[in-house]
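Morning, everyone. I have one chain to walk through today. Please bring up the sequence and the model.

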Amino acid sequence: MNTTAILLPESRQDILFRSAMERIRDLEAEIQKLRQGTMKSHQLVRIHQSNRIISAQASDILYIRAEDNYSWIFLRNGNQFYVSRTLKSWIAQLKNEDFVRCHRSFFVRREEVVEVVRRTHELIQRDGTHIATSRRFQKNCLSTIFAEQTNSSAHKLNAVIHKLIKDPVSPRG
């Protein structure tokens, strides 16, 4: 018996199904990209102190305070390290992290700031630490710390998910 494939015209239902599957793949790819943008950094920071080297996650650094060509590193667990390294070099290393410079001597983690004292423009961190701001860095510092989240990856991710839930299958056209 000789079998040959019979090609039938695609039904409207098949076209809609294929279109929906393409849209789902596109949205899943977009969600994956956005998730990669919102993932916490796992960058390891090497802290060289006298005769030892300490490894710490960059996300564990609360703030860095400069003293001439030396720096104090303050970690989330309460440890402090005095190292022979300039604030400028720390800024270069941590530029992709969520830090902001608020004074010539301070580089703080943005998410740790919970309050700003209006009169003195001091930053108050979750642990109660007061950090000075200078006029030179004040405007950029405050606008960065309290920037709206409307352009953040997390907001975009939520919008894509909401869009997918609200309108899961609609053909392109």
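Start with burial. Of the 173 residues in the chain, 31% are buried. Keep in mind that this is a predicted model. The chain has four helices and 10 strands. Reading from the N terminus, the elements run α-β-β-β-β-β-α-β-β-β-β-β-α-α. Now contacts. Take those with a separation of 6 or more: 45% of them join residues 24 or more positions apart.

On to the cores. As background, nonpolar side chains tend to be buried together in soluble globular proteins. The largest nonpolar core here has 17 residues. Which of them have the most contacts inside the core? They are Ile-47, Ile-61, Ile-64, Ile-73, Trp-90 and Leu-94. Several elements give two or more residues each: E1, strand E2 (52-57), E3, E4, strand E5 (80-83) and H2. The largest share is from E3, with three residues. There is also a second, separate core. That one has 12 residues, among them Cys-102, Phe-106, Val-108 and Leu-123.

Back to Ile-73 for a moment. Leave out residues up to four places away in sequence. Ile-73 then touches Ile-47, Ile-61, Tyr-63, Ile-64, Asn-79, Gln-80, Phe-81, Val-83 and Trp-90.

Next, a polar residue, Gln-49. Gln-49 sits in strand E1, residues 44-49. Is Gln-49 buried or exposed? Its relative accessibility is 15%, and the cut-off for buried is under 20%, so Gln-49 counts as buried. What does Gln-49 touch, not counting residues up to four places away in sequence? Ile-54, Phe-81, Tyr-82 and Val-83.

Set that against Asn-69. Asn-69 lies in the loop between E3 and strand E4 (70-75). The relative accessible area of Asn-69 is 52%; exposed means over 50%, so Asn-69 is exposed. Asn-69 still has contacts beyond four places in sequence: Ser-84, Arg-85 and Thr-86. One distance as well. Asn-69 and Ser-89 are 20 residues apart in sequence, and their C-alpha atoms are 10.0 Å apart in space.

Asn-69 also takes us to a pocket, as one of the residues lining the second largest pocket. How much space lies in that pocket? About 160 Å³. The rest of the lining is Ala-66, Glu-67, Asp-68, Thr-86, Leu-87, Lys-88, Arg-101, Arg-104 and Ser-105. Two elements give two or more residues to this lining: strand E3 (61-67) and helix H2 (87-93). By class, the lining of the second largest pocket has five charged, three polar and two nonpolar residues. So for anyone setting up a probe calculation, the general idea is this: rolling a probe the size of a water molecule over the atoms shows where empty space is left.

Last stop, a sheet. Strands of a sheet pair through backbone hydrogen bonds, parallel or antiparallel. This one is an open sheet of three strands, in the order E8-E9-E10, and the pairing is antiparallel. Which strands are at the edges? Strand E8 (113-116) and strand E10 (130-131), each pairing on one side only. Three bridges join E8 to strand E9, residues 123-125. In one of the pairs, Val-116 has Leu-123 in E9 as its bridge partner. We met Leu-123 earlier, in the second core.

That's my tour. Over to you.

Methods: Residues numbered from 1 in each chain as written. Predicted model: local features only at pLDDT ≥ 70, side-chain atom pairs only at ≥ 80, totals over all residues. Heavy atoms only, no water. 1 Å grid on protein atoms, 1.4 Å probe; cavity = no way out; pocket = protein on both sides within 12 Å on 5 of 7 lines; lining within 4 Å. Points joined across faces, edges and corners; volume = space filled by probe spheres on them. Nonpolar A, V, L, I, M, F, W, Y, C, P; charged D, E, K, R; others polar. Pairing = 2+ DSSP bridges. Buried < 20%, exposed > 50% of the residue type's maximum accessible area, 1.4 Å probe, protein only. Contact = heavy atoms within 4.5 Å. Core = buried A, V, L, I, M, F, W, Y, C linked by side-chain atoms within 4.5 Å.
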